[in-house]
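Please look through the structure shown below before reading on. The report that follows goes from the whole chain to its packed helices, and then to single residues.

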Amino acid sequence: MSPVRKPPTAAERDAPPRVVTGIVLRTRRGHSVRLQRRTLAVTAVLLAALVAVAGITLTTGDFELTVGEVVQALLGNGSGAADFIVTTLRLPRLVTALCVGAALAVSGALLQSLTGNSLGSPDVVGFTNGSAVGALLVIILWHGSMTEIAVGALIGGLLTALAVHLLMVGRGLHGFRLVVTGIGVSALLLSVNSYLITRATWQEALEAQTWLIGSLGNRGWQHANAIGIAVLVLLPLAFGLSRRLAMVEMGDVTANALGVGVARTRTALLVVSVALAAFATAVTGPIWFIALAAPQLARKATRSPGPALLPTALMGALLLTVSDVLAQRLFAPALLPVGTATGTIGGLYLIWLLVSESRKSRA
């Protein structure tokens, strides 16, 4: 039986039609994209904030540098000390933070849109811990390189996604059932991580435990290049699928009527989401909160009805770089891993989110 639609009220009948403002870009093939003015404004603000944070990151620290010295070092004309500090120490860490934050944020946005659940984040449903298991196996058992660790993390994340999918067969990807299933899988994988550490040597266990905290310390160009290549490949795929993702959010029936292959689209988006989280985890270790909060903050800022992936990526990059700067500057000379800072904030955010979702379900 179809639901009975209430007739419009007098205020609704007399209200002027809602006009969606924005800029429409059209291609020669007839395709068009509407860019909301608010989304453009938020994107510009996030870009400006990122430039400011990048400037703070490159100029401040144990060795203060001026903006001119940083610019000269970036152009290859700096002094030996400034060139070493900027291009060898600070810039790879900054690039890694930007790429990892963007990857985690877009991964969370895709998964939250697919599940229709604000708790559908890779670090909540177990994908991050699955990637950690794959990376730890490579670190402890095979003493692998950065590339091998990334491959291990990707395989671990994909196998975890497959396990969660098999547990959810016939039940769909919506609702708290996915979250509860993912939390159970995540707890199981966390115990596997602990077991692997107990079987390692003292040096291997120390290295693995340090990696599990999530840190941007001692990150060089090999880490920045690895996550940079992953982002350059995967983010365009996510942006290209964003239009289909917006249609999938309308429901399977509507999406099928619009000519979208729902099953293929869900599978492709899920693989991209897991791959982004896996590569980010392989480079820095598990970093919490970013994938959970950045998509929601970006959507609230832009007031976009669909997934705003570009602002989401910028929001994730901003959150991680700001967290890293605060962890370095506020607790100096102590070396606080950024995963500790984001985990603390993320725990408080998760509590607030659970309480708000509980109130919505009771309403």
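Of the 363 residues in the chain of this predicted model, 47% count as buried. The secondary structure of the chain consists of 15 helices and two strands. If one takes the contacts between residues at least 6 apart in sequence, 74% of them join residues that are at least 24 apart.

**Two pairs of packed helices**

Two packed helices are described by the angle between their axes and by the distance between those axes. The table gives these values for two pairs in this chain.

| Helix pair | Residues | Angle between axes | Distance between axes |
|---|---|---|---|
| α4 and α9 | 80–115 and 221–240 | about 30 degrees | 9 Å |
| α2 and α14 | 37–59 and 309–330 | roughly 25 degrees | within 9 Å |

With an angle of about 30 degrees between their axes, α4 and α9 are roughly parallel, because angles under 35 degrees count as such. Their crossing is left-handed. On the side of α4, the residues that make the contact include Thr87, Leu91, Val95, Thr96, Cys99, Val100 and Val106, while on the side of α9 they include Trp221, His223, Ala224, Ile227, Val231 and Leu235. Sorted by class, the contact of α4 with α9 holds 15 nonpolar residues, four polar residues and no charged residues.

The axes of α2 and α14 cross at roughly 25 degrees, and α2 is therefore roughly parallel to α14. The crossing of α2 and α14 is left-handed. Among the residues of α2 that take part in the contact are Thr39, Leu46, Leu50, Val53, Ile56 and Thr57, and among those of α14 are Leu310, Leu314, Leu318, Val322, Val325 and Arg329. In terms of class, the contact of α2 with α14 has 14 nonpolar, four polar and one charged residues.

**The nonpolar cores**

In soluble globular proteins, nonpolar side chains tend to be buried together. In this model, the largest nonpolar core has 83 residues, and the members that touch the most other members are Val100, Val106, Leu110, Phe127, Ile227 and Leu320. Which helix gives the largest share of this core? It is α4, from which 12 residues come. A second core, separate from this one, has 10 residues, and Ala54, Leu58, Ala73 and Leu91 are among them.

Val106 shows what such a place in the largest core can look like in detail. If residues up to four places away in sequence are not counted, Val106 touches Leu235, Ala238, Leu276, Leu309, Thr312 and Ala313.

**Buried residues in three helices**

Is Thr96, a residue of helix α4, buried or exposed? Thr96 has a relative accessible area of 0%, and it is buried because the limit for that term is under 20%. Leaving aside neighbours within four places in sequence, Thr96 is in contact with Leu216, Arg219, Gly220, His223, Ala224, Ile227, Val283 and Thr284.

Thr57 lies in helix α2 and is likewise buried, with a relative accessible area of 8%. Not counting residues up to four places away in sequence, Thr57 touches Arg90, Leu94, Val325 and Arg329. Val325 and Arg329 belong to α14 and, together with Thr57, are among the residues that make the contact between α2 and α14.

Ala150, in helix α6, is buried with a relative accessible area of 8%. Apart from neighbours within four places in sequence, Ala150 is in contact with Phe279 and Ala282. The C-alpha atoms of Ala150 and Ala280 are separated by 8.6 Å, although the two residues are 130 residues apart along the chain.

**Two loop residues with a positive phi**

Most residues other than glycine have a negative phi. Two residues of this chain call for a careful look in this respect. His143, which is not a glycine, has a positive phi near 50 degrees, and its place is in the loop between α5 and α6. His143 is exposed, with a relative accessible area of 53%.

Asn218 is not a glycine either, yet its phi is positive, at about 60 degrees. Asn218 lies in the loop between α8 and α9, and, at 78% relative accessibility, Asn218 counts as exposed.

Methods:
Residues are numbered from 1 along each chain as its sequence is written. This is a predicted model: local features need pLDDT of at least 70, side-chain atom pairs count only at pLDDT 80 or more; totals for chains, interfaces and linings use all residues. Side-chain values use heavy atoms; hydrogens and water are left out. Axes are lines fitted to C-alpha atoms, for helices over the stretch in contact, and angles run from 0 to 180 degrees between N-to-C directions. Helices (H or I, at least four residues) and strands (E, at least two) are DSSP runs, numbered from the N terminus. Angles under 35 degrees count as roughly parallel, over 145 as roughly antiparallel, 65 to 115 as roughly perpendicular and the rest as oblique. A crossing is left-handed if the near helix is turned anticlockwise from the far one by less than a right angle, and right-handed if clockwise. Contact means heavy atoms within 4.5 Å. Ala, Val, Leu, Ile, Met, Phe, Trp, Tyr, Cys and Pro count as nonpolar, Asp, Glu, Lys and Arg as charged, and the others, Gly among them, as polar. A nonpolar core is a set of buried Ala, Val, Leu, Ile, Met, Phe, Trp, Tyr and Cys residues joined through side-chain atoms within 4.5 Å. Buried means under 20% relative accessible area, exposed over 50%, partly exposed in between (1.4 Å probe, protein chains only).
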